[in-house]
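The following exercises concern the reading of side-chain packing from atomic coordinates. Each task is followed by a worked solution.

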Amino acid sequence: MSEQINVVILCSWGATSSSLAQKVQEAAKERGLDVVAHAGGTGEFKEKASTYDVALLEPQVRHLKKEMQKVADNAEIPLAMVDQRAFALMDGNKVLDQVLELVK
Amino acid sequence: MERADDVLQTLEAMYEEDPESVTAMSVAKRLQLERSTASRYLNELVKAGKIEKKRGRPVKYRPLSEDTVHVEPVNALTENIPMIGATESLEEVIEKGLAALLYPSSPLHLLLSGETGAGKSFLAETIYDIAVQHHNLDPKTPFVTFNCADYAQNPELLVGQIFGIKKGAFTGATQDEFGLVAKADGGVLFLDEIHRLPSSGQEMLFSLIDKGVYRRLGEATLDRHATVTIIGATTEAIERSLLDTLLRRFSFKLRIPSLRERTVDERSEFIHYFLAQESHKMGRQIALDREAYNRFLRYRCSGNIGQLKSDIQIACAQAFLRFMNGGTQVIVKPADLPDYVRPEAEDVPKVHENTYLEIASDVPNGKAGNARKMPTIYERLLTKRDQLGEADANELDHELRQEVNRYISQLVQRSEEHLHLNNWGQYIDEDITATLRGEADEIRKQEGFDVNLNQIFVLSLHIQAYRDRILSEEPIRFFPEIGRTEAKYHRAAKMLATALRDKNNLLLPEEEITLLAHLFVPHSEAFDRSASITVLITSLGECTASSMSDVANHLLGSPVTVSLDRPLAAPVEQTKAYLEKVIRKQPHSEGMLILTDIDLPAELKNVLTSAAQPYKLIPNVHLNMVTEAGRKVMTPHYTLEGISEELQALNPGEHVAGNPSALQNKPRFIATVCFTGERTASFLKHWIEQSLSFDDQDVVIEAVQIDPVARNTDRIYEIMEVYSIIAIVGTVPVHVGNVPFIPAWEVLRDEKSSRLYDIVLSTRPEAVTPAEANSYEPVQFAEVLDLIMKGLSEIVEKLDVSLYISVLKQHIHSLRQHFRWDPEREIGIMMHLGMLTDRVLMEQQTGLVYTSESRRIDIHSLALPAGDLHLWNLVLAALEEANSIHYPNDAAAEMTALSQPATVLEST
């Protein structure tokens, strides 16, 4: 777990993902983990997917999951829905756990 | 009783001078009588029905002329144009409208919004008239009106109509054509349904407003100049879907209240005005029976002013017919009114018990009426009588009656189309619909049976599919032998085929015509909308119940629900009396389903218990419950018990139960059906596939052919062995076991309000827990708001989170019912809205503009459901009020786009 982990959190228009990314970033800093949390829209993810190690999708864009999964598969990175409860609570720690679980 | 006549005359004279001055005292004074003597005469006159007492002290009197309200014909434009509501609901609108019009050199542009039929075009015309009459606007100033909906099927031509066409711009443009802009130069261009303009047209309009330049269709440069005041009109929910750039160019955006929101006095003025127009058309006085007047005043007129007008026209035509058959004057009686024109229970505060219309004699004929020199219905009737002068009385009567019936059906059809079927163009080419409509009229005349709107739709759909197939040059496959229908249907099909050949260049083979004939056979069973269970909506408040009922009836296209408002101020006795009346009016009812906000007071319950019909009371009424109830009672096999159980399941905290467990084992299946199993059915299959959401990808859809005679198919039974058929959708009603049949038009009209949508949702197999979330509990609806309250508090800067949550609480139920999202989706959307609100607050408080991330989606390019937009507009308005903020114009569109179930959001 020495390499840097780049995680991207996707929502439709960037309204909430940047806040959540920030929360994840803070959690990682506290735990001394080398994680960089990005926020982005689903549109630009298509071009930049391969620059990340893992992607999380926010609930409001769940209907795009199928499409995003394809993009992620092409880029060979794992993609999952952000845990709903953690998202609702803006719980950076839990989301960070999820990230670590996914890149294992 | 000469003395009494004296008293009456004096009273009338005094009333003329000052209506407020007529008391027993003043009459006595004038006639030099004792007050008690005068009082006695007055009471006699009241008893004789010649005068009446007004409420209040001292008692005032007013004269009554017989039992009717008279409306004089008007022959010339008078100086005073009554602007109905000018001092009430519309004052602001008119003031601003005038301001806009009176500066033609530097025009101010005006955008009117309001419900269908609220009178937007009427208002625009009236403002113009006032400007001419009272404000020295040159009467030669052009005023050009145009309804963009007329060309909505052909956006290019629409733009061409407005801006003009250059020769050769497209095939068929054989010469240069002036546009309406050129015609309106220096004056006013009124564009109704302006939202129908394609964005290219909106951009051109924007240049015109902004720089005074435009170009004709097909011209390369903007070098034509015109100074035009634009008055645009649009329906409320759509205002936000105009281009922002254009929207900003309208100096005034004015909302026209619906008829519902107008005062009773205003409504009475409208009645009077429209009567006077009719009176003018027939050239004689019209008298309006008092009961008829009351009905016009109080019935629920969901089509707004436009409908009020056509209902009055219908009544006048009927009355005129009676007059022609030997009446001495034209009297509109209750029997002349369309059936639905009767007061409903929601009019609890019957304030106008004692008011009657004054004689109005100076209402001009409407401008629209002047524009075209079409013979009026009255002229047509008179001409007809002259033509048939020799015929015997019976035949004459019959002929005239037919003329009136035709007139009525035209009026009704016009308003129905307006209300329900504005969007056929999405699926069916206009030329086909046009031919169908024309032929429907012919068939009615020649064959004597009606082709209803649903049949027209089904036929159009079928023909469209046939044409598409020919155009795509796909081979026509084996075509089954089908039986003949009754001769008249076959003749109708032949007429249609001939018209299609002549007008649409479409040649139908013989077996196709036989098939069409089957589509003319009415299937009353499938479309029977008469309900044997009464749905009564009741709620505290002036109009909460009636507006819910209105919307539901509108959505269902049929007046299946009735309502009872319970204004806080209304005494229980009054409400009770109205409830009794409602019950009496539903004698055929097998039961009453009463949807209420809170439990009813004991007095009302007693009324219900003593009624002959059984009833069920369901609390916590909301719009979706109302629509649901209406939809269910229209389905014949439902019982009162059954419906009430299902409706109760809609209440908060209780999940809509998944369907029978038997469904779990077999995959879900939807059969689309038509006579050929190919055209319409495969069109429907495709359509449904497109609209299924991500979570319903397991549903198998197959087009199935239905035997036209047996109206059944073995194929369905074969399928049932393997699949669980959750619905049959199509143009031919098919009933197999308990499988619900859903007519095609219902699915195509509006996915959301279709039963299919509900069926698909309720049969969804238990959601598979997403693998990634399995270590955590899925969120329940009950927790959502608490969770996001905590979450938002973590991240917002300015938002008062508890205020935000409290506003959401008021709306969450309708949102859930409307969108049917799950808790996870809801969390996403509510978090998004919270952040959006926070941004807006920050911008407003700091004056800084936060550049939001570039939008991936062009909201304007999406067809957003008006119902969704409307709901979000309501929620946003509530949040705006609570937070004293303004969302950006497209916020509702943004939220709507985000709430869509299927994949419409896919990035461009």
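**Exercise 1.** Against which helices of chain B do the buried residues of H34(B) pack?

Solution. The model is a predicted one.

- Step 1: locate the helix. H34 of chain B covers residues 866–883, which makes 18 residues.
- Step 2: examine its span. The distance from the first C-alpha to the last is 25 Å, close to the 26 Å expected at 1.5 Å a residue.
- Step 3: select the buried positions. They include Leu869(B), Trp872(B), Leu876(B) and Leu879(B), and among them are also Asp868(B), Asn873(B) and Glu880(B).
- Step 4: identify the partners. The buried residues of H34(B) pack against helix H32 (801–819), helix H33 (823–846) and helix H35 (891–899) of chain B.
- Step 5: inspect the end of the helix. Ser884(B), just after H34(B), has a positive phi of about 50 degrees.

**Exercise 2.** Classify the aromatic pair formed by Phe669(B) and Tyr723(B), and state where in chain B each residue lies.

Solution.

- Step 1: note the total. Over all chains, the count is 11 aromatic pairs.
- Step 2: classify the pair. For Phe669(B) and Tyr723(B), the ring centres are 4.9 Å apart and the planes make an angle of 45 degrees, so the pair is tilted, being neither under 30 nor over 60 degrees.
- Step 3: place the residues. Phe669(B) belongs to strand E17 (residues 668–674), while Tyr723(B) is in the loop between helix H28 (714–722) and strand E19 (724–730); the pair thus links distant parts of the chain, 54 residues apart.
- Step 4: compare with the cut-offs for burial. Phe669(B) is buried because its relative accessible area is 0%, whereas Tyr723(B) is partly exposed because its value is 25%.

A second pair serves as a further case. Phe819(B) and Trp821(B) have ring centres 4.9 Å apart and planes at 15 degrees, and the pair is stacked. Phe819(B) is buried at a relative accessible area of 4%, and Trp821(B) is buried at 5%.

**Exercise 3.** Which residues, beyond its neighbours within four places in sequence, are in contact with Ile716(B)?

Solution.

- Step 1: assign the element. Ile716(B) lies in helix H28 of chain B.
- Step 2: determine its exposure. Ile716(B) counts as buried because its relative accessibility is 0%.
- Step 3: list the contacts. With neighbours within four places in sequence set aside, Ile716(B) touches Ala671(B), Val704(B), Ile725(B), Ile728(B) and Val736(B).
- Step 4: examine one further distance. Gln705(B) is 11 residues from Ile716(B) in sequence, and their C-alpha atoms are 9.3 Å apart.

**Exercise 4.** Which aromatic ring lies beneath the charged end of Arg216(B)?

Solution.

- Step 1: identify the ring. The charged end of Arg216(B) sits over the ring of Phe178(B), at 5.1 Å from the ring centre.
- Step 2: examine another arginine. Arg40(B) lies over the face of Tyr41(B), 5.4 Å from the ring centre.
- Step 3: consider a purely aromatic group. Phe270(B), Tyr273(B) and Phe274(B) form one aromatic cluster.

**Exercise 5.** How many disulfides does a search of the whole structure find?

Solution.

- Step 1: state the result. The search finds zero disulfides over all chains.
- Step 2: check the exposure of two cysteines. Cys148(B) is buried at a relative accessible area of 0%, and Cys316(B) is buried at 1%.
- Step 3: set this against the whole chain. Chain B has 908 residues, of which 52% count as buried.

Technical notes: Residues are numbered from 1 along each chain as its sequence is written. Chains are lettered from A and ligands numbered from 1 in the order in which they are written. This is a predicted model: local features need pLDDT of at least 70, side-chain atom pairs count only at pLDDT 80 or more; totals for chains, interfaces and linings use all residues. Side-chain values use heavy atoms; hydrogens and water are left out. Rings of Phe, Tyr and Trp (its six-membered ring) pair if their centres lie within 6.5 Å; planes under 30 degrees apart count as stacked, over 60 as edge-to-face and the rest as tilted. Helices (H or I, at least four residues) and strands (E, at least two) are DSSP runs, numbered from the N terminus. Buried means under 20% relative accessible area, exposed over 50%, partly exposed in between (1.4 Å probe, protein chains only). A charge sits over a ring if NZ of Lys or CZ of Arg is within 6 Å of the ring centre and within 35 degrees of the ring normal. Contact means heavy atoms within 4.5 Å. A disulfide is a pair of cysteine sulfur atoms within 2.5 Å. The expected span of a helix is 1.5 Å times one less than its number of residues.
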